[in-house]
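Please open the structure in your viewer and keep the sequence panel beside it. The tour goes from one selection to the next, and each stop says what to look for there.

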Amino acid sequence: EQSIPVITIDGPTASGKGTIASLVAQRLGWHTLDSGALYRLTALSCLRRGVDVQDEAQVQHAAQNLNVRFDYPHIYMDGDDVSDAIRQEEVGNLASQVAALPLVREALLQRQRDFRVAPGLVGDGRDMGTVVFPDAPLKIFLLADAEVRAQRRCKQLSEKGISANLTSLLADLRARDERDRSRTHAPLVPAQGAHIVDSSQLSIQEVVNKVLDLWSGIAVPTA
Ligand code: CDP
Ligand code: CDP
């Protein structure tokens with residue numbers, strides 16, 4: 001339904017997309033779409049079924065047949081709570097490999113658009129503004145320096161009791177950025193008309209306020 005408003009938040013890994021998207025959605029009373037989770041779920045499904053992520057037809061099949069249920073903040077696949085399993089770096093890396101396959105992106109397209117439900121949606125990912133919701137009235141491209149993002153990810157993991165090595169996190173993050181930016185299909189680029197927000201020096205609250213300010217400028221027409 002095209003009249004239902006969407007705010008898109010795209011950007012590289014650990015720029016804060018998910019955090020900002022859920023806080024903005026909470027403030028507006030809207031739904032969220034964590035599109036990366038769908039690519040992560042596809043990757044995990046391949047991992048569990050022994051599917052080679054280079055085999056496009058088989059990965060497409062896995063994407064089409066995802067048996068998932070979103071019960072925020074939990075995500076279930078085949079009845080299992082996989083909320084933590086899909087966040088592993090290994091799954092993130094595999095996700096960015098399956099995400100480069102056009103048939104996989106196509107398989108997940110309608111499923112993502114189905115999240116557009118009243119009163120509104122905040123969707124985060126890589127191609128929310130370019131491909132999935134090109135008509136979104138507000139598009140954000142969230143950036144942060146690679147070192148800042150690696151530190152954020154490191155902290156996030158250590159808070160969960162997972163030990164992480166900053167140097168290898170930074171290397172993984174750069175490799176994933178490069179793969180996401182250089183792929184032919186739906187590469188990570190700012191959508192036309194996107195507001196570029198560099199969050200390197202901003203707190204979470206400052207970024208949330210910035211997005212809400214931009215939205216109120218659009219939502220409330222000036223006389
Ligand atoms: O949380 P993080 O930014 O690290 O990753 P994510 O948003 O969960 O996405 C995992 C991977 O899925 C990314 O590296 C992308 O390659 C891919 N992805 C995508 O291609 N398109 C999207 N809309 C969202 C994620
Ligand atoms: O979804 P994405 O991978 O882009 O990032 P995220 O998982 O939402 O955020 C990564 C980490 O950065 C989280 O622990 C946030 O609390 C933190 N963050 C921050 O410290 N400052 C910001 N301005 C934004 C996020």
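The stops below cover a sheet, a helix that packs on it, the surroundings of two ligands, and a residue close to the start of the chain. Keep in mind throughout that this is a predicted model.

**The sheet.** Begin by selecting the strands S2, S6, S1, S7 and S8, which in that order form an open sheet with parallel pairing. At its edges you will find strand S2 (31–34) and strand S8 (195–198), each of which pairs on one side only. If you look along the sheet, neighbouring strands are turned by 20° against each other on average, with direction ignored.

**One pair of strands.** Now restrict the selection to strand S7 (residues 138–143) and S8, which pair in the parallel sense over 4 bridges. Within this pair, show Leu 142, which stands opposite Val 197 in S8.

**The helix on the sheet.** Next add H1, which packs on the sheet and touches S1, S2, strand S6 (121–125) and S7. The direction of H1 makes about 180° with that of S6.

**Around ligand 2.** Keep H1 in view and select ligand 2: which helix gives the most to the shell around it? The answer is H1, with 3 residues, while helix H1 (17–28), helix H7 (146–159) and helix H9 (204–219) each supply at least two residues of that shell. Of the 15 residues around ligand 2, those that come nearest are Gly 16, Lys 17, Gly 18, Thr 19 and Arg 152. Coloured by residue type, the shell around ligand 2 divides into 4 nonpolar, 9 polar and 2 charged residues.

**Around ligand 1.** Move on to ligand 1, which is surrounded by 16 residues, the closest being Thr 13, Gly 36, Ser 96, Ala 99 and Gly 125. Helix H2 (35–49), helix H4 (89–98) and helix H8 (166–182) each supply at least two residues of this shell, and H2 gives the most, with 4 residues. By type, the shell around ligand 1 consists of 4 nonpolar, 7 polar and 5 charged residues.

**An exposed residue.** Finish at Ser 3, in the segment before strand S1 (6–10). Is Ser 3 buried or exposed? Ser 3 is exposed, because 7 other C-beta atoms lie within 10 Å, and a residue counts as exposed when that number is 12 or fewer. As a last step, draw a distance between the C-alpha atoms of Ser 3 and Ile 75, which are 72 residues apart along the chain and separated by 28 Å.

Definitions and conventions. Residues are numbered from 1 along each chain as its sequence is written. Chains are lettered from A and ligands numbered from 1 in the order in which they are written. This is a predicted model: local features need pLDDT of at least 70, side-chain atom pairs count only at pLDDT 80 or more; totals for chains, interfaces and linings use all residues. A residue is buried if 20 or more other C-beta atoms lie within 10 Å of its own, exposed if 12 or fewer, and partly exposed in between; C-beta atoms are placed from the backbone. A residue is near a molecule or strand if its C-beta atom, placed from the backbone, lies within 6 Å of it. Ala, Val, Leu, Ile, Met, Phe, Trp, Tyr, Cys and Pro count as nonpolar, Asp, Glu, Lys and Arg as charged, and the others, Gly among them, as polar. Two strands pair if DSSP finds at least two bridges between them. Axes are lines fitted to C-alpha atoms, for helices over the stretch in contact, and angles run from 0 to 180 degrees between N-to-C directions. Two residues are in contact if their C-beta atoms, placed from the backbone, lie within 7 Å.
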